Amino acid sequence: MRTWEELERDCGSCTRCGLCRTRHSVVFGVGPRDADVMFVGEGPGEQEDLRGEPFVGPAGMLLDDMLSIIDLGRHNCYIANIVKCRPPHNRDPQEQEQEACIDYLRGQVALVRPKIIVCLGRIAAMKLIKPDFRITREHGVWTEKGGVWFTAMYHPSALLRDVNKRPETFEDLLSLRDKLRELQVKL
Ligand code: URA
């Protein structure tokens, strides 16, 4: 198993896919390296690419608000993405880009050893839960794999575009709070 230093160094100089040609920064991940909860988005946006940190743009501000509803602070969670470099014009990361990058996320999960992984949006859920995951039908559903509990919520960017999805996300957040209690996660 690679150490944090090896993983971060390899990721920081990665040229495994074409996204390396247009990136400003590699957005590795942030948060306590022993967090019980991990949030995984799809890939950096403009602000994240400029600042080198995940979820610091408008979607990130909404994520912070979502977490505060259940008294969960960003500082309690490890936050990362499926791909570490920004897809141009915020397009969806392509399958081969996800495949080239997923090894870094697997390394992060192996080192953090979270109890819970929350996928933010369809792309992360399809990669981490199951390839045919349907976010509209299956958000808020819990699945246990290898001792880790997985669920998915709408991506905060989707919630910025469509406020009608917010009540369902509120329910998903309450379900996350219940799971944190059930697993006796200390915050
Ligand atoms: N959207 C994502 O999926 N990840 C980020 O880091 C920012 C926006």
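A residue counts as near a molecule if one of its heavy atoms lies within 4 Å of it. The model is predicted: local features need pLDDT of at least 70, side-chain atom pairs pLDDT 80 or more, while totals for chains, interfaces and linings use all residues. Numbering runs from 1 along each chain as its sequence is written, and side-chain values use heavy atoms, leaving out hydrogens and water.

**Exercise 1.** Work out which residues are around the ligand and sort them by class.

*Solution.* Start with the list: G41, E42, G43, E48, P54, F55, N81 and H155. Now sort. Pro and Phe count as nonpolar, Glu as charged, and Gly is among the polar ones. That gives 2 nonpolar, 4 polar and 2 charged residues.

**Exercise 2.** Find the polar atoms of G43, F55 and H155 that lie close to ligand atoms, using N or O pairs within 3.5 Å as polar contacts.

*Solution.* Take the backbone first. A polar backbone atom of G43 is 3.0 Å from a ligand nitrogen, and a backbone N or O of F55 is 3.0 Å from a ligand oxygen. Then go to side chains: H155 puts a polar atom 2.8 Å from an oxygen of the ligand. Finally, check the cover: the ligand alone exposes 230 Å², and the protein buries 93% of that (Shrake-Rupley method, 1.4 Å probe).

Technical notes:
Polar contact = N/O pair within 3.5 Å; in protein donor to acceptor, adjacent residues only side chain to side chain.
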